[in-house]
Amino acid sequence: MGQRERERGAPQGVVLDIGFGVGALVVHAAAHDVGREIELSPCGQPSNRVHAQVHPRRAGPLVAFAAVFDAVPTGEYDLWRDATTVACGVTVPDGAVANVAWPSAPAGDGYPGGDR
């Protein structure tokens with residue numbers, strides 16, 4: 001898939017790097033959030049943020065909309081709604097994937113299942 005297809009919002013797959021001491025976070029969002037940058041920081045460290053962009057993601061025949069934070073050290077994190085407001089807290093598990101719904105994501109909007 002070329003860069004232009006990715007820019008138009010074509011569904012993208014993901015390979016996760018998780019293992020001992022490292023997990024991942026999938027933030028499920030709504031279709032209207034495609035392109036949104038979501039920021040994540042360790043709890044108590046708001047200036048130590050990383051970001052991921054919401055993209056369409058293919059899950060079999062379904063398309064979900066999500067931002068994926070890969071290779072995140074195990075621990076407690078804050079997701080930021082904007083520069084000064086925490087949207088929610090989340091725990092990234094050891095060697096596993098945490099799933100959380102972005103506050104604007106309505107129930108059932110392209111979410112294929114899991115521990116939402």
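Is A71 buried, partly exposed or exposed? With a relative accessible area of 36%, A71 is partly exposed. That residue has another feature to show, and we return to it below. First, a word on what you are looking at: this is a predicted model.

## The chain as a whole

Let us begin with the overall layout. The protein chain contains one helix and eight strands. Following the sequence from its start, you meet them in the pattern α-β-β-β-β-β-β-β-β.

The chain has 116 residues, and 32% of them count as buried. Its accessible surface is about 6300 Å², with 53% of that belonging to carbon and sulfur atoms. How much of the contact pattern joins residues at least 24 apart? Among contacts between residues at least 6 apart in sequence, the share is 58%.

## How the strands pair

A good place to start is strand β2, which covers residues 37-42. Strand β2 runs antiparallel to strand β3 (residues 50-53), and four bridges join the two. Strand β2 also pairs with strand β6 (residues 75-80), again in the antiparallel sense and over four bridges.

L40 lets you see both pairings at one residue. Its bridge partner in β3 is V50, while its bridge partner in β6 is L79.

From β6 the pairing continues to strand β7, residues 86-92. These two strands are antiparallel and are joined by six bridges. One place to look is D78, whose bridge partner in β7 is G89. Together β6 and β7 form a hairpin, with five residues between them.

## Two residues to compare: I38 and V50

I38 lies in strand β2. Is I38 buried or exposed? Its relative accessibility is 0%, so I38 counts as buried. Setting aside neighbours within four places in sequence, I38 is in contact with V27, V50, H51, A52, V54, A67, F69, L79 and W102. I38 and Q53 are 15 residues apart in sequence, yet their C-alpha atoms are 6.1 Å apart in space.

V50 sits in strand β3. At 47% relative accessibility, V50 counts as partly exposed. Leaving out neighbours within four places in sequence, the contacts of V50 are I38, E39, L40 and F69. For V50 and E39, the separation is eleven residues in sequence and 5.6 Å in space, C-alpha to C-alpha.

## Charged side chains

How many salt bridges does the structure hold? There are two. One of them brings together the side chains of D33 and R36, at 3.1 Å from N to O. D33 counts as buried, with 2% relative accessibility, whereas R36 counts as partly exposed at 32%.

In the other, the side chains of R49 and E39 meet at 2.8 Å, N to O. R49 lies in the loop between β2 and β3 and E39 in strand β2, so this pair ties together parts that are ten residues apart in sequence. R49 is partly exposed, with a relative accessible area of 24%. E39 is partly exposed as well, with a value of 28%.

## A charge over a ring

R49 has a second partner to look for. Which ring does the charged end of R49 sit over? The ring is that of W80, and the charged end is 3.7 Å from its centre. R49 therefore takes part both in the salt bridge with E39 and in this arrangement with W80.

What does a search for aromatic pairs give? Across the whole structure, zero are found.

## Back to A71

Now for the residue that opened this report. A71 is located in strand β5, which spans residues 62-73. What is the sign of the phi angle of A71? Its phi is positive, at about 55°, although A71 is not a glycine.

Here is some background for that angle. Most residues other than glycine have a negative phi. If you want to find A71 in the model, look in strand β5 for a partly exposed residue with a relative accessible area of 36%.

Definitions and conventions:
Residues are numbered from 1 along each chain as its sequence is written. This is a predicted model: local features need pLDDT of at least 70, side-chain atom pairs count only at pLDDT 80 or more; totals for chains, interfaces and linings use all residues. Side-chain values use heavy atoms; hydrogens and water are left out. Two strands pair if DSSP finds at least two bridges between them. Rings of Phe, Tyr and Trp (its six-membered ring) pair if their centres lie within 6.5 Å; planes under 30 degrees apart count as stacked, over 60 as edge-to-face and the rest as tilted. A charge sits over a ring if NZ of Lys or CZ of Arg is within 6 Å of the ring centre and within 35 degrees of the ring normal. Buried means under 20% relative accessible area, exposed over 50%, partly exposed in between (1.4 Å probe, protein chains only). Contact means heavy atoms within 4.5 Å. Accessible areas come from the Shrake-Rupley method with a 1.4 Å probe; for residues, only the protein chains shown count as cover. A salt bridge is a side-chain nitrogen of Lys or Arg within 4 Å of a carboxyl oxygen of Asp or Glu.
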